[in-house]
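Dear colleague,

Please find below the structure that I would like to hand over to you. My notes on it follow directly after.

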Amino acid sequence: FYGSLLIMALVACRSLAGRWHWMISACLLAILAGNPMGLFVCGHMLAPVIASPGCRRILSRGAFRLGGVAALVLAAMAASYRLLAEPVAPLVWWADQIGLPARYDSAHAQAAVEALMLFAAAILLGPVQRLLSTAPIQWLGRYSFSLYLVHFPILLTVASIVFTTTQGWHAASLWATAAGIAVTLPVMWGFERLVDAPAIALSRRVRRPVMPALT
């Protein structure tokens, strides 16, 4: 929710502040580098750059493709193993200096690095882009925001109740996962149809976009 508000504020800032928007965003990114909100700012700043034709030509070169492979491997390693503390120590140190709520510890800093590596792999690797352009993945993308919003309340209610009332750790994990998925999918579908899609339609009626759509 806070990330959505931040993105809307940054879009308004881009419209109102012109070129100063980049300086404002860069300062905000520096402040939020040790906080999950920093990833929203990073994506906001990179989106128009990556969508530009010049950037696409540069990123299509072989060296950048190798970088994409490396980023994908690093993301898989970060998702599978606990990294050493040293690579994420600067993020954790900066988070402690700023002292914002929900600041990174070493585990969450590693998750941020993993997310950035996956993002880099998607930008640099054509096969990953083609995979993300397939119909099933696009369907998931359509519902991803609704899934993101509803899964955590269900995890803390339905899945937790099933987990705590089932005997045996492995059985409890299995049944809690199954129950969580079974409840999340229809709730996700209903939320997208009844809340998310109407909200997007309403936003288009209230005000025209402040920027042309990126293609």
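In these notes, a residue is called buried under 20% relative accessible area, exposed over 50%, and partly exposed in between, using a 1.4 Å probe and protein chains only. The model is predicted, so local features need pLDDT of at least 70 and side-chain atom pairs count only at pLDDT 80 or more, whereas totals for chains, interfaces and linings use all residues. Residues are numbered from 1 along each chain as its sequence is written, and side-chain values use heavy atoms, with hydrogens and water left out.

Salt bridges

A salt bridge here is a side-chain nitrogen of Lys or Arg within 4 Å of a carboxyl oxygen of Asp or Glu. The structure holds 3 of them. One joins Asp-96 to Arg-103, with the closest N and O atoms 3.5 Å apart. Arg-103 is partly exposed because its relative accessibility is 42%, and Asp-96 is likewise classed as partly exposed, at 45%.

Glu-192 pairs with Arg-142 at 3.5 Å, N to O. This pair links distant parts of the chain, since Glu-192 belongs to helix α10 and Arg-142 to helix α9, 50 residues apart. Glu-192 also meets Arg-193 in a salt bridge, at 3.7 Å from N to O. Arg-142, Glu-192 and Arg-193 are thus linked in a network of salt bridges. Within this network, Glu-192 is buried, with a relative accessible area of 5%, while Arg-142 is partly exposed at 44% and Arg-193 is partly exposed at 41%.

Helices α3 and α9

Helices (H or I, at least four residues) are DSSP runs, numbered from the N terminus. The expected span of a helix is 1.5 Å times one less than its number of residues. For the 15 residues of α3 (residues 37-51) that gives 21 Å, and the end C-alpha atoms are 22 Å apart, which agrees. By contrast, α9 (135-165) has 31 residues, yet its end C-alpha atoms are only 38 Å apart, short of the 45 Å that a straight helix would reach. α9 bends by about 50° at Tyr-143, the bend being the angle between axes fitted to the seven residues ending there and the seven starting there.

Tyr-143 is also one of the buried residues of α9, together with Ser-146, Val-150, Ile-154 and Ala-159. These residues pack against α10 (169-206). In α3, the buried residues are Gly-38, Val-41, Cys-42, His-44, Met-45, Pro-48 and Ala-51. Their cover includes α1 (2-17), α2 (20-31), α4 (53-59) and α7 (106-124).

Ser-25, in helix α2, is buried, with a relative accessible area of 0%. Leaving aside neighbours within four places in sequence, Ser-25 is in contact (heavy atoms within 4.5 Å) with Leu-10, Val-41, His-44 and Met-45.

Surface

Leu-39, Phe-40, Leu-116, Phe-145 and Tyr-148 form a nonpolar surface patch with about 420 Å² of accessible area together. Such patches are made of residues with over 30% relative accessible area and no salt bridge, nonpolar side chains (Val, Leu, Ile, Met, Phe, Trp, Tyr) being joined within 5 Å; the areas come from the Shrake-Rupley method with a 1.4 Å probe, and for residues only the protein chains shown count as cover. Both α3 and α9 supply at least two residues of the patch. Leu-39 lies in α3 and is partly exposed at 32% relative accessibility.

Lastly, Pro-87 lies in helix α6 (residues 85-98) and is exposed, at 58% relative accessibility. Pro-87 and Val-113 are 26 residues apart in sequence and 9.4 Å apart in space, C-alpha to C-alpha.

With kind regards

How values were computed:
Patch = residues over 30% accessible without salt bridge, like charges linked within 9 Å, V, L, I, M, F, W, Y side chains within 5 Å.
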